[in-house]
Structures are given as C-alpha cells and as structure tokens.
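Hello,

Here is the structure I promised to pass on to you. Please have a look at it first, and then read on for what turned up.

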2 protein chains.
Amino acid sequence: MPNEFDFIDWVRTRQSPSDRVILPAGDDLAILSGVPDALLVGIDQILDGVHFDSATHSPAAIGRKAMNRNLSDCAAMACLPLAAVVSLAMPRDLPATFAKELYEGMRTAGEKLGCAIVGGDTGAWAGKLAISVAILGRSDGVTPVRRSGAHAGDLVYVTGALGGSILARHMDFTPRIDEARALVSAHRITAMIDLSDGLSRDLAHICRESGVGAVIDADSVPVHADVARLPASNRTPLEHALHDGEDYELCFTSPDEVPSATRIGRIVSGHEIMLAQHGRKSPLVPLGFEHAF
Amino acid sequence: MPNEFDFIDWVRTRQSPSDRVILPAGDDLAILSGVPDALLVGIDQILDGVHFDSATHSPAAIGRKAMNRNLSDCAAMACLPLAAVVSLAMPRDLPATFAKELYEGMRTAGEKLGCAIVGGDTGAWAGKLAISVAILGRSDGVTPVRRSGAHAGDLVYVTGALGGSILARHMDFTPRIDEARALVSAHRITAMIDLSDGLSRDLAHICRESGVGAVIDADSVPVHADVARLPASNRTPLEHALHDGEDYELCFTSPDEVPSATRIGRIVSGHEIMLAQHGRKSPLVPLGFEHAF
C-alpha cells in the first residue's frame with residue numbers, strides 16, 4: 001500500500017471536471033452544486049489497529065469516534081451536518097451487542113450535532129473491524145471554508161491545546177462545529193482544517209493548497225496538559241504538540257485578530273513552513289502521527 | 001456478528017424522525033429533502049473473501065464492482081447518480097499499482113453512468129481489502145421508486161435472466177439505470193429493487209415493505225445460460241435463478257403490461273410468498289446467496 005497522500009495526488013490528476021462538482025477530492029469535504037445552499041459530502045473510515053483497538057476500546061467509543069471524525073470534517077469547512085450513511089465490516093465472532101453498542105455510539109454522537117444516520121451497509125467477514133462513515137453537510141448561509149484561501153500576511157490560529165491525544169482524547173473529542181460557525185460569523189476566516197494528522201502535517205495541507213508558506217512561533221503553540229502525562233519518549237513537549245495528531249481542534253488563517261483562538265504564527269509568501277524558536281528559524285518538517293497500540 | 005437483516009431491523013427502531021429525511025435506512029438509498037428535486041444517498045461496501053477474492057480478481061474488476069453495486073442501487077430507485085465518495089482499507093503489502101488500478105476500475109464504471117468520485121479516504125492496515133462507496137443520486141424529475149408501493153393485483157417483473165452469476169457476472173455487470181428510467185417514464189412502477197441478495201430474498205423485501213404477498217410462476221422465471229455451466233450442485237436450475245443472487249437485474253411491480261421485462265408472477269394480499277409449480281403452490285423460502293471462493 002502506497003503512501004496515502006501520494007495516492008490522493010494521483011487520484012486528483014485522474015478527475016474529470018464537472019459542472020456539478022464545485023470542489024472535488026482533496027479538501028475535507030467535496031462541495032456539490034445544484035442544491036439550495038451548498039451540499040457537502042465526504043467519507044472517513046476508522047480501522048482496527050490503526051485508529052482504535054477493538055481489544056481495548058468500547059464499541060460505543062469506537063462508534064462515537066467514527067462519527068465524530070466526520071463531524072470534525074464538517075467543522076473544518078464551517079458547515080452543518082445534514083445526514084450520514086455508514087458501512088460496518090464486522091468480524092464474524094463479534095456478538096450482536098457489540099454491533100448495537102457501536103451503532104449507538106455513532107447515533108448518539110451524530111444526534112448531539114444534528115446529524116441523522118440515514119442509511120448503511122453491514123457485512124460479516126473473516127477480516128478485522130472497519131467502519132466507514134460518509135457525511136453530507138449543508139452550508140446554511142455560510143460560504144464553506146476551504147484549505148486554499150490563506151494569503152501572505154494572514155495570521156495562523158488554533159483552537160484548544162495540542163498533543164498527547166493518544167492517552168484518551170483521540171477516542172473522545174467534541175467536533176468544533178459550534179466554534180467554526182462562531183468564527184466565520186465574527187471574522188474573515190480565509191482557510192481552515194481540522195487537526196487530525198498533526199499540526200505540522202495539516203498546516204502543510206493549508207499552505208500547499210493556498211500556495212503559501214508559514215512561520216510558526218514555537219513559544220505560542222499551546223501544549224495540552226496530556227503531554228506531561230505521556231510515557232517518556234524522544235519527543236519534546238513542543239514536538240508532541242506539533243506532530244502527535246488526532247487533536248480534532250481547528251487550525252485556521254485570518255487577517256483578523258481572533259481573541260477566541262490561539263495565534264501561533266503567520267502566513268508568508270513562498271512555500272516554506274518554518275518554526276521560529278530561540279531567535280532562529282528551522283524548517284517545520286511534517287512528521288504526522290503513528291499510533292502504537 | 002449477528003445476521004445483517006436482524007441488525008438493520010434493530011437500527012430502524014433506533015432512528016429518530018426528522019423533517020429533513022424523507023426516507024431513512026431500510027431502502028436502497030435514503031431520500032433527503034431540502035434540495036431541488038430529491039437528493040438520494042446510500043453506501044455499500046465490498047469485502048475481500050465475501051464479495052470478491054483479491055487473489056483471483058483484478059483490482060480493476062474489484063473497483064468496478066464496488067462502484068457498480070452502488071449504481072445498481074440508483075437504478076433500483078430510478079434515480080440518476082450525482083456523485084460518489086469512496087473509502088479504501090488496503091493491506092500494507094499491496095503495491096501502489098493495485099490501488100491505482102482499483103481506483104481506475106471505480107472511476108471508469110462511474111463515468112460510464114455520469115457519476116464522479118468527489119472524495120475519499122484511503123488507509124493502510126494489517127487487515128484485508130475493504131472498499132466502501134457512498135453514492136448520491138438525484139431524482140431528476142422522476143419520483144424515486146421505493147420498495148413499499150406494491151399493491152395486490154400488481155404484476156411482478158424482472159429484467160434479464162437470473163442465476164449462475166458466480167461464474168463471472170457478479171464481477172462484471174451493467175447497472176440498469178437506463179432501463180429503470182425508461183420503465184418509469186413508460187409505466188406505473190409501484191415498487192422496485194435491484195437483485196443483489198437473490199430473487200427470493202429481494203422479492204421478500206418488497207413484499208415486507210409493501211405489506212403484501214406474491215405468487216411466482218416457476219415456469220416464467222428466466223434462468224440465465226450460466227446456470228447450465230455451473231459445477232454440479234444440489235440445486236435445480238430454477239433454484240439457482242431464485243436464490244443465487246448478485247444478478248444486479250431489476251425486480252419491480254406494476255399494474256401495467258410491461259413488454260420490455262419478464263413477467264414472473266403477481267402481488268397478492270396477505271404476506272405469503274408462494275411458488276406455483278406443476279399446478280400446486282409451495283412457500284418460496286428466501287435462501288439468499290453464499291459465495292464459496
């Protein structure tokens with residue numbers, strides 16, 4: 001299996017233009033025209049041993065995560081969820097209660113943010129547990145925020161604090177839909193993404209799509225209290241905040257002062273992403289996250 | 001893992017009513033309101049060892065099947081495909097060429113019927129190959145045909161011939177979208193489904209959703225030529241046509257004479273589905289399909 005990001009690059013080269021598709025693959029959600037307001041659609045899967053561990057995590061927590069990751073994609077574009085469809089590939093030896101609790105975890109998480117599960121497909125197989133959720137979103141009066149709108153001079157912000165999500169938060173987080181809607185109603189938000197792969201990697205998505213660079217101020221990056229409780233590693237607390245991933249907070253750019261979020265840097269021309277620390281700058285290399293269950 | 005159909009029953013009892021959802025889980029696709037014309041959405045997965053065999057089937061054929069099963073769901077409701085999103089769970093040892101060929105199989109199948117892939121999620125894992133496709137459909141001037149509209153006195157029809165799809169057709173079929181659109185434009189189609197689980201089981205879905213029974217005339221069921229080429233089994237040719245599954249033809253009901261399809265029986269009041277053969281009737285028990293790769 002090739003690197004996921006290379007594969008998506010290749011997929012994008014294979015897509016045909018369509019009048020009906022405003023924004024095809026490559027952002028958090030696709031935008032379709034031909035509906036009142038914009039209709040948005042995306043899909044996200046979680047896999048046993050990659051995004052959760054079926055031997056450790058409860059079925060309800062697994063289901064909740066499957067739904068919340070998609071709701072976090074809605075937050076990333078400042079849209080409201082409309083409906084979801086789900087597919088479950090279930091090991092044959094899992095009991096019925098497991099499937100029900102998993103579904104309840106999905107349903108409850110969806111209902112909290114107004115997202116009904118409107119369809120699905122369940123199959124038993126000799127493989128491991130895999131869950132896909134496809135989500136529809138509606139813009140509801142707000143222009144969806146893409147990754148591609150950042151300009152040199154914009155400020156870079158994050159909501160919340162980052163790092164150490166592996167302790168527990170990666171399984172139990174609140175998709176930032178309310179925060180995203182509040183942000184776009186009060187400020188000019190030029191680009192936004194949810195932090196699933198890690199700040200270093202997700203910021204690189206914004207910069208690449210926008211054709212810009214960035215300078216991140218190391219002292220400004222909010223490190224989550226969980227980082228101090230991690231087992232000893234060869235990463236510094238800052239490195240955990242920059243690279244751990246699965247924070248499911250928002251990273252966005254704006255020319256405005258945004259008091260409700262933490263300013264961590266600024267967008268610059270060019271394409272380099274630099275980390276400013278101790279009075280000097282060094283390249284901020286995306287490391288992404290790797291779970292170790 | 002419990003029986004899939006029991007699980008869906010249970011899921012349906014857990015759903016909350018919503019103004020935005022005209023038709024929730026339980027049909028081929030969900031129907032959403034709040035869009036011009038109806039927007040339809042559904043999801044369908046294919047799993048290694050269940051719906052295909054990655055050691056035997058080409059990646060392009062696997063991708064084609066993943067897309068075509070969803071397009072067949074569009075046909076079942078007489079809607080036109082709008083767009084699809086896909087998730088791929090890929091074994092880590094699969095080469096990049098496999099993923100690309102699989103995507104090309106999906107993309108080509110979609111484009112043949114006007115369906116663009118507008119998003120996706122790809123992940124590598126220690127598990128087996130699983131592919132989910134979520135599809136959006138648009139009614140485009142036609143009221144979507146549900147499973148629930150059959151009335152006593154309607155005639156039961158199928159397109160094409162049935163049975164023996166395991167030889168090759170289950171991997172390479174044409175979703176009957178054109179046929180479905182032609183049918184609804186020329187006739188009163190009261191209920192429709194695509195034949196994925198086998199005529200006996202899929203007709204039972206129509207009857208249950210419509211609150212009716214049916215009598216199928218054994219001599220009228222069109223047996224596919226593939227059945228004669230199957231290895232010897234304990235099933236008769238008729239039983240193959242009734243139960244094999246994965247024909248991806250349409251089964252529908254109508255009060256009209258429909259010359260372009262094969263009339264195989266009629267809808268009756270009650271809830272029993274009977275097979276009329278040799279001058280007597282016996283219950284037509286759904287057997288569904290089981291692959292043996």
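Which strands each supply at least two residues of the lining of the largest cavity? Before the reply, please keep in mind that this is a predicted model.

The strands in question come from both chains: β3 (39-47) and β6 (130-138) in chain A, along with β4 (80-91) and β6 (130-138) in chain B. As for the cavity itself, its volume is about 50 Å³, and the structure holds 1 cavity of 30 Å³ or more.

If you would like to find the cavity on your screen, chain A lines it with Gln45(A), Leu47(A), Ser87(A), Ala130(A), Ile131(A) and Ser132(A). From chain B, the lining takes in Gln45(B), Ser87(B), Ala89(B), Ala130(B), Ile131(B) and Ser132(B). By character, 6 of the lining residues are nonpolar and 6 are polar, with no charged residue present.

The other place to visit is strand β9 of chain A, residues 213-217. This strand is largely enclosed by the rest of the structure, because 4 of its 5 residues are buried, that is, under 20% relative accessible area.

β9(A) has two partners to look at. With strand β11 (residues 262-268) of chain A, β9(A) pairs in the antiparallel sense over 4 bridges; here Ile216(A) has Gly265(A) as its bridge partner. With strand β12 (residues 273-277) of chain A, β9(A) runs parallel, and 4 bridges join the two. In that pairing, Ala214(A) stands opposite Ile273(A).

Enjoy exploring!

Best wishes

How values were computed: Residues are numbered from 1 along each chain as its sequence is written. Chains are lettered from A and ligands numbered from 1 in the order in which they are written. This is a predicted model: local features need pLDDT of at least 70, side-chain atom pairs count only at pLDDT 80 or more; totals for chains, interfaces and linings use all residues. Side-chain values use heavy atoms; hydrogens and water are left out. On a 1 Å grid over the protein atoms alone, a cavity is a set of points where a 1.4 Å probe fits but cannot get out, and a pocket is an open set with protein on both sides within 12 Å along at least five of seven lines; lining residues have an atom within 4 Å of a point. Grid points are joined across faces, edges and corners, and a volume is the space filled by probe spheres set on the points. Ala, Val, Leu, Ile, Met, Phe, Trp, Tyr, Cys and Pro count as nonpolar, Asp, Glu, Lys and Arg as charged, and the others, Gly among them, as polar. Buried means under 20% relative accessible area, exposed over 50%, partly exposed in between (1.4 Å probe, protein chains only). Two strands pair if DSSP finds at least two bridges between them.
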